[in-house]
Amino acid sequence: MANKLKERLEALFKGDKKLMLISFAAFAAILLILLSELAPAQPKKKEAETSETGITDYARELEAQTEQLISSISGAGKCKVMITLKNSNENIYAKNTDENIASGSNSFKNEYVLYEGQDGEQPVLIKQYLPCVQGVAVVCEGADKTAVRESVINCVSSLFDIPVTKISVSKYKG
């Protein structure tokens, strides 16, 4: 079968080796393009998943910093902290606004201001609001002492600007 194919190709190109090489190169290029379409693409992370992990990392960082701060309070001892967040990140982007008032009707046109970034065109970020702390749970060794408990509550309340009713302090079991 291979010999028949070879004979037919030689008859088609009539011994012109340059034309045969160019044809094989073109065929190989087409074959590679087709195979690249069939190969599974790298899954792209969805923006929501990326945002979710970013918020989780943000909460963990806050918890670690708060644990370090509380454990440095006199009498608090070893502690663990859990923080709940109220909402996710909010980004404010720059916009060009065009208002057209003609013959009694108003029309508004808003367009985002874009710049050329590494990943193509991206909107210009003006402000970014991080998630707000909703509540804090603290478990520490010295929580059975009223003075320590009060110090921890006041520290967390002033740190995150939340009411004392959103803060729980309990004795560490460990």
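Trainee: How much of the protein, out of its 174 residues, is made up of buried residues?
Mentor: Buried residues account for 20% of the 174, where buried means under 20% relative accessible area, exposed means over 50%, and partly exposed lies in between, with a 1.4 Å probe and protein chains only. The model is predicted, and local features need pLDDT of at least 70, side-chain atom pairs count only at pLDDT 80 or more, while totals for chains, interfaces and linings use all residues. Residues are numbered from 1 along each chain as its sequence is written, and side-chain values use heavy atoms, leaving out hydrogens and water.

Trainee: How many helices and strands does the protein have?
Mentor: There are 4 helices and 9 strands, taken as DSSP runs numbered from the N terminus, with at least four residues of H or I for a helix and at least two of E for a strand. Read from the N terminus, the order is α-α-α-β-β-β-β-β-β-β-β-α-β.

Trainee: What makes the pairing in the sheet E1-E8-E9 mixed?
Mentor: Two strands pair if DSSP finds at least two bridges between them, and here 7 bridges join E1 to strand E8 (residues 133-140) in antiparallel fashion, whereas 5 bridges join E8 to E9, which run parallel. Ile83, for example, has Val136 in E8 as its bridge partner, and Cys140 stands opposite Lys171 in E9.

Trainee: Why are strand E1 (79-85) and strand E9 (167-171) called edge strands?
Mentor: The sheet of 3 strands is open, and E1 and E9 each pair on one side only.

Trainee: What kind of unit do E8, H4 and E9 make?
Mentor: They make a right-handed β-α-β unit, and the hand is called right because, with the strands pointing away from the viewer, the path from the first strand over the helix to the second runs clockwise.

Trainee: Which residues touch the most other members of the largest nonpolar core?
Mentor: Among its 24 residues, Val136, Val138, Val152 and Val156 do so; such a core is a set of buried Ala, Val, Leu, Ile, Met, Phe, Trp, Tyr and Cys residues joined through side-chain atoms within 4.5 Å. Helix H3 (47-71), E1, E8, H4 and E9 each give two or more residues to this core, and H4 supplies the largest share, 6 residues. Setting aside residues up to four places away in sequence, Val152 touches Ile70, Ile73, Val138, Cys140 and Val169, where contact means heavy atoms within 4.5 Å.

Trainee: How do you know whether Cys140 is buried or exposed?
Mentor: Its relative accessible area is 0%, and this value falls under the 20% limit, so Cys140 is buried.

Trainee: Why is Cys140 not bonded to the closest cysteine sulfur?
Mentor: The sulfur of Cys140 lies 6.3 Å from that of Cys79, and a disulfide is a pair of cysteine sulfur atoms within 2.5 Å, so the two are too far apart for a bond. The structure as a whole holds 0 disulfides.

Trainee: What makes the phi of Asp161 worth a look, and is the residue buried or exposed?
Mentor: Asp161 has a positive phi of about 55° although it is not a glycine, and it lies in the loop between helix H4 (146-160) and E9. Its relative accessible area of 70% is over 50%, so Asp161 is called exposed.

Trainee: Why is Tyr93 called partly exposed?
Mentor: Tyr93, which lies in strand E2 (residues 90-93), has a relative accessible area of 29%, so it falls in the range between buried and exposed.
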